[in-house]
Amino acid sequence: MTIPADLEIHTALQDGTPVCIRQVRESDAAAMRAGIAKMSPRSRYLRFFSGATNVPEWVIERLVSGDGAHHLAWGAIAVDAAGEPAIGVVHAFRDADDPDSAEFSVGVLDEYHGLGLGKLLVATILLAARAEGLDQFTAETLAENGSAVSFVRSLGGELIASGGATRSWQLDVDRAIAVLRGECDPPGMAQVFEKLG
């Protein structure tokens, strides 16, 4: 299945907030920069392993360079908020040495934590990855990031390396998809599976 570059998934968060999930574009650089700046220092630290307000420009360039094959990138937009700001993003970078695997990460603005947006974005990237022939994801978390560790484990993630402040995880794409399909929580998950699954 080839996913159209202009595909949009209109769905809602746990509290009914309407969102649009679509592939990240180069033109999203300013929105990406603004979204990172809105994150709390703690959230930036947990996501980027640094609390710096302004991430280096090369990071922004990398985050908006999705090509749908080697770098999958999807973002969520709050369609009912002024200016339709970016509120979350998920990425998967294909491993050059293992083309069936990709490293993934997700980030959500603080005010949208606990509303299921992370799950919606992860379901989206998993389904897009499966369409691109990816079998496995890897993820790196800080050991102290209990919510990320719990989330990866809930998707069937297995700890593959543990050293110092970080933990590395391996995730079977099909198994994780099955977990999220079975939960259908938040309710807006149905729209993600309807469009991609």
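**Exercises on helix packing and one strand residue**

Glu103 touches His91, Ala92, Phe93, Thr138 and Glu140, leaving aside residues up to four places away in sequence; contact here means heavy atoms within 4.5 Å. The model is predicted, so local features need pLDDT of at least 70 and side-chain atom pairs count only at pLDDT 80 or more, while totals for chains, interfaces and linings use all residues. Residues are numbered from 1 along each chain as its sequence is written, and side-chain values use heavy atoms, with hydrogens and water left out.

**Exercise 1.** Find the place of Glu103 and describe its exposure.

*Solution.* Start with the element: Glu103 lies in strand 5 (residues 101–108). Strands (E, at least two residues) and helices (H or I, at least four) are DSSP runs, numbered from the N terminus. Next, the relative accessible area of Glu103 is 42%, which makes it partly exposed; buried is under 20%, exposed over 50% and partly exposed in between, with a 1.4 Å probe and protein chains only.

**Exercise 2.** Work out which face of helix 5 is buried.

*Solution.* First list the buried residues of helix 5 (residues 146–154): Val149, Phe151 and Val152. Then look down the axis of helix 5: these residues fall within an arc of 165°, so they line one face. The arc is taken from the directions between helix axis and C-beta atoms. On the other side, Ser147 and Arg153 are exposed. Finally, ask what the buried residues pack against: helix 4, strand 6 (136–142) and strand 8 (166–172).

**Exercise 3.** Describe how helix 4 packs with helix 6.

*Solution.* Take the geometry to begin with: helix 4 (residues 117–131) and helix 6 (residues 173–183) pack at about 135°, with axes 10 Å apart. Axes are lines fitted to C-alpha atoms over the stretch in contact, and angles run from 0 to 180 degrees between N-to-C directions. The two helices are therefore oblique to each other; under 35 degrees counts as roughly parallel, over 145 as roughly antiparallel, 65 to 115 as roughly perpendicular and the rest as oblique.

Now the contact: helix 4 contributes residues including Val122 and Leu126, and helix 6 residues including Ile177 and Leu180.

**Exercise 4.** Do likewise for helix 4 and helix 7.

*Solution.* The axes of helix 4 and helix 7 (residues 189–196) come within 10 Å and cross at roughly 15°. Helix 4 and helix 7 are therefore roughly parallel. As for side chains, Lys119, Leu120, Ala123, Thr124 and Leu127 of helix 4 meet Met189, Val192, Phe193 and Leu196 of helix 7.
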